Amino acid sequence: NWLIKLDEHGCLVPGCHTVGVDEHVLGLNEYLKIWPNPVARGTPLQMSFTPPLEFTPDGPLRVVVLDAHGRTAQEETVPSGVSTFSFPLSTLAYGLYYLHLTDGRRWLAGAKVVVE
């Protein structure tokens, strides 16, 4: 038996319903790694996404960062063919953010990020 805690919109990470996709892929969250977390303001956030070999993205990967109110704070396209990349957070104020990884059509993974 599996128990998955979702919000009222079916999201594992709050706000996934606001990033412009309608479909969710489950089971990829464990392949998304972010560090350091918490991250100092002005310091880039390092990310790694290494999904299983059978996974094929449906378009370019995109990182969408939402603030605690669900508004888009920052958005970046992940360079194609790269599994580890740096994500600049220089424009974000201190606080809690929700990071979402999409492939243009589907929500793939997400995490909470604290900027201090």
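Hi everyone, let's start with one residue: Asp-103 is buried, with a relative accessible area of 0%. Keep in mind that this is a predicted model. Now, what does the side chain of Asp-103 meet in a salt bridge? The partner is Arg-106, with N and O 2.6 Å apart. Arg-106 counts as buried too, because its relative accessibility is 12% and buried means under 20%. As a reminder for the newer people here, side chains of opposite charge can pair when their charged atoms come close.

Let's look at the strands around that spot. E7 and E8 pair in the antiparallel sense, over eight bridges. They form a hairpin with three residues between the strands, and in that hairpin Gly-104 takes a positive phi near 95°. If you would like one pair to find on screen, Leu-96 has Val-114 in E8 as its bridge partner.

Is E8 largely enclosed or open? Eight of its ten residues are buried, so E8 is largely enclosed by the rest of the structure. E8 has another neighbour as well: two bridges join E1 to E8, and these two run parallel. There, His-24 stands opposite Trp-107 in E8.

A word on confidence before we move on. The mean pLDDT of the protein chain is 85, and 82% of its residues reach 70 or more. Among the elements, strand E1, residues 23-24, has the lowest mean pLDDT, 74, while E2 has the highest, 96.

So let's visit E2. This strand covers residues 32-35, and its covered face holds Leu-32 and Ile-34, while Lys-33 and Trp-35 make up the uncovered one. Four bridges join E2 to strand E3, residues 45-49, and the two run antiparallel. Leu-32 has Phe-49 as its bridge partner in E3.

Back to charges for a moment. How many salt bridges does the structure hold? There are four. You have met Asp-103 with Arg-106. Another is between the side chains of Arg-62 and Glu-75, at 2.2 Å from N to O. That pair links distant parts of the chain, with Arg-62 in strand E4, residues 62-67, and Glu-75 in strand E5, residues 72-77, 13 residues apart. Glu-75 is partly exposed, with a relative accessible area of 42%. Then there is Asp-67 with Arg-71, where the closest N and O atoms are 3.0 Å apart. Asp-67 is buried, at 14% relative accessible area.

Finally, the empty spaces. The structure holds one cavity of 30 Å³ or more, and about 30 Å³ of space lies in the largest cavity. Which elements give two or more residues to the lining of the largest cavity? They are strand E7, residues 95-102, and strand E8, residues 106-115. The lining includes Tyr-97, Leu-99, Val-113 and Val-115, along with Leu-45 and Val-65. By type, the lining of this cavity has eight nonpolar residues, no polar and no charged.

The largest pocket has a volume of about 220 Å³. Of the 15 residues that line the pocket, Pro-57, Leu-61, Pro-79, Gly-81 and Val-82 are the closest to its centre. The pocket lining divides into nine nonpolar, six polar and no charged residues.

That's my tour. Thanks for listening, and if you open the model afterwards, try starting from Asp-103 and its salt bridge with Arg-106.

How values were computed: Residues are numbered from 1 along each chain as its sequence is written. This is a predicted model: local features need pLDDT of at least 70, side-chain atom pairs count only at pLDDT 80 or more; totals for chains, interfaces and linings use all residues. Side-chain values use heavy atoms; hydrogens and water are left out. On a 1 Å grid over the protein atoms alone, a cavity is a set of points where a 1.4 Å probe fits but cannot get out, and a pocket is an open set with protein on both sides within 12 Å along at least five of seven lines; lining residues have an atom within 4 Å of a point. Grid points are joined across faces, edges and corners, and a volume is the space filled by probe spheres set on the points. Ala, Val, Leu, Ile, Met, Phe, Trp, Tyr, Cys and Pro count as nonpolar, Asp, Glu, Lys and Arg as charged, and the others, Gly among them, as polar. Buried means under 20% relative accessible area, exposed over 50%, partly exposed in between (1.4 Å probe, protein chains only). Two strands pair if DSSP finds at least two bridges between them. pLDDT is the predictor's confidence in each residue, from 0 to 100.
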